[in-house]
Amino acid sequence: MPVLELLRDRRYRHLFSAQVVALVGTGLTTVGLALLAADLAGEHAGEVLGTALAIKMIAYVGIAPVIGAHAARLPRRALLVGLDLLRAASVIALPFVTAVWQIYLLIFLLNACSACFTPTFQATLPDILEDEHRYTRALSLSRLAYDLENLLSPVAAALLLTVMTFDVLFVLNALAFLGSALLVVTIRLPSPRDAEHDAGFRERLTLGSRIYLRTPRLRGLLALNLAVAAAGAMQIVNTVVYVRSELGLGDTQVATALAAAGGGSMVVALALPGLLDHLTQRTVMVTGGWVMSLCLFMGWSSPSFAALLPLWFFLGAGASLVMTPTGRLLKQSCHAEDRPALFAAQFSLSHAGWLIAYPLAGWVGAQAGMDAAFGILGAMALFATLAAVRLWPSADPMELEHWHPAITHAHRHEHDDHHRHGHEGGEGQAPHAHSHHHAPGRHRHVFVIDRHHPHWPR
């Protein structure tokens with residue numbers, strides 16, 4: 001199925017359009033924020049932007065699991081629309097700030113909302129695109145949207161700034177968030193599917209991370225996320241330093257190098273649905289880790305600009321080999337009602353890697369030089385890829401034979417393979433909750449971590 005055929009589905013078309021509109025607006029704000037920092041902080045603008053970036057990552061890491069604990073119990077359309085409105089309110093306030101601390105506060109609020117919106121949005125897609133082939137193509141289209149935004153938003157901002165002040169960029173971003181909300185409110189989204197209403201907040205808060213860290217393929221994904229962070233931090237933080245200071249070139253060459261990385265990512269995103277028809281996800285994603293590690297180590301050769309472009313192209317391609325199939329891996333590793341929590345865990349844990357890699361790339365590059373930065377981040381990516389190979393078994397069947405010990409507990413449930421029992425009366429229609437007993441036994445089925453399977457079979 002060609003990727004663009006997905007847009008015939010009205011619900012997906014509106015969600016994808018909402019994503020694109022919001023991404024374009026966010027890209028404009030990224031440029032506007034740099035200019036606002038320069039306006040308020042002058043020569044200390046870099047420090048302000050670095051702190052704002054750290055605050056963004058802290059919001060991502062800390063907020064996503066909290067919303068993941070509640071997302072399965074909230075109406076998704078209302079949640080997504082409300083978050084878009086809050087993001088619009090946060091960004092429209094930026095032109096009125098008069099102190100640096102106000103930037104920090106608004107950046108935290110803006111990115112706290114994004115930390116809620118993004119994983120909820122990502123967890124909604126597999127519910128409306130249940131066919132795995134269609135969902136895989138939707139992941140490729142989302143990856144393309146991110147890469148195009150990275151390439152085109154700075155260009156669009158530069159053109160707009162020739163006819164308006166940077167404050168207008170924030171207004172346009174607010175309008176983009178309002179447009180995203182309008183697109184979401186015009187469609188009906190699947191209702192929350194929560195089978196764990198009796199679970200306490202602490203249990204719901206840790207549900208996503210428990211599924212994540214107890215599933216071998218997801219532990220491998222966590223390691224590969226660290227490799228992506230190492231490669232991405234080197235590219236984002238040090239491209240401008242390498243091209244300007246090491247090669248003595250200008251802003252045009254900086255933009256060209258960043259475009260090369262985006263181009264590599266887009267080529268892989270387009271090719272990946274076909275690749276996944278013939279190769280396993282593990283093969284594709286681990287290959288991405290090897291490619292990123294090799295590209296970073298090749299930076300030791302102090303490449304010329306002509307050599308840097310293919311290096312950055314393959315660096316972007318390697319990152320896309322890991323990031324694009326991630327949603328598919330998460331979908332396969334949990335029940336539908338647990339998707340919001342698991343996608344939130346992925347959002348939080350993956351950004352924890354960026355919280356390490358961003359300052360490491362900047363500090364090592366500034367203190368020890370670009371060769372050291374290439375070497376240390378290359379070693380980080382290589383170690384992470386080796387860990388992924390170790391943590392993610394090459395034989396990774398979806399169905400596993402396993403033993404259940406006897407257990408008596410109470411929770412909401414349907415009458416499925418794990419719940420075949422009579423009632424004394426008064427329990428109501430399924431799903432319902434009451435104390436029930438599971439006899440010991442051995443059987444085989446698609447295995448995911450849940451209440452009945454708290455640990456992976458040995």
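A charge counts as sitting over a ring if CZ of Arg, or NZ of Lys, is within 6 Å of the ring centre and within 35 degrees of the ring normal. In this predicted model, R87 and F117 give just such a case: the charged end of R87 sits over the ring of F117, 4.3 Å from the centre of that ring.

Rings also meet other rings here. A search of the whole structure turns up 10 aromatic pairs. Take Y242 and F374: their ring centres are 6.0 Å apart and the planes stand at 85°, so this pair is edge-to-face. Along the chain these two are a long way from being neighbours, with their positions 132 residues apart; Y242 belongs to helix α8 (residues 216–246) and F374 to helix α14 (residues 370–391), so to speak of the pair is to speak of a link between distant parts of the chain. Both Y242 and F374 are buried.

F374 has another partner as well. The rings of W312 and F374 have centres 6.0 Å apart and planes at 70°, and because edge-to-face pairs are those with planes over 60 degrees apart, this pair is edge-to-face too. Again distant parts of the chain are linked, since W312 lies in helix α11 (residues 305–323), 62 residues away from F374 in helix α14. How buried is W312? Its relative accessibility is 3%, so W312 counts as buried. For F374 the value is 1%, which also means buried. Put together, the ring pairs join Y242, W312 and F374 into a cluster.

Just past helix α11 comes a proline worth a look. P325 is placed in the loop between α11 and α12 (326–332). Being in a loop does not leave P325 out in the open: with a relative accessible area of 1%, P325 is buried. The C-alpha atoms of P325 and R137 are separated by 9.7 Å, although the two residues are 188 residues apart along the chain.

Now for how two of the helices pack. Helix α1 (residues 10–41) and helix α6 (residues 167–185) have axes that come within 8 Å of each other and cross at roughly 165°. Angles over 145 degrees count as roughly antiparallel, so α1 is roughly antiparallel to α6. The crossing of α1 and α6 is left-handed. And what kinds of residues make up the contact of α1 with α6? Sorted by class, there are 15 nonpolar and eight polar residues, with no charged ones.

Notes. Residues are numbered from 1 along each chain as its sequence is written. This is a predicted model: local features need pLDDT of at least 70, side-chain atom pairs count only at pLDDT 80 or more; totals for chains, interfaces and linings use all residues. Side-chain values use heavy atoms; hydrogens and water are left out. Axes are lines fitted to C-alpha atoms, for helices over the stretch in contact, and angles run from 0 to 180 degrees between N-to-C directions. Helices (H or I, at least four residues) and strands (E, at least two) are DSSP runs, numbered from the N terminus. Angles under 35 degrees count as roughly parallel, over 145 as roughly antiparallel, 65 to 115 as roughly perpendicular and the rest as oblique. A crossing is left-handed if the near helix is turned anticlockwise from the far one by less than a right angle, and right-handed if clockwise. Ala, Val, Leu, Ile, Met, Phe, Trp, Tyr, Cys and Pro count as nonpolar, Asp, Glu, Lys and Arg as charged, and the others, Gly among them, as polar. Rings of Phe, Tyr and Trp (its six-membered ring) pair if their centres lie within 6.5 Å; planes under 30 degrees apart count as stacked, over 60 as edge-to-face and the rest as tilted. Buried means under 20% relative accessible area, exposed over 50%, partly exposed in between (1.4 Å probe, protein chains only).
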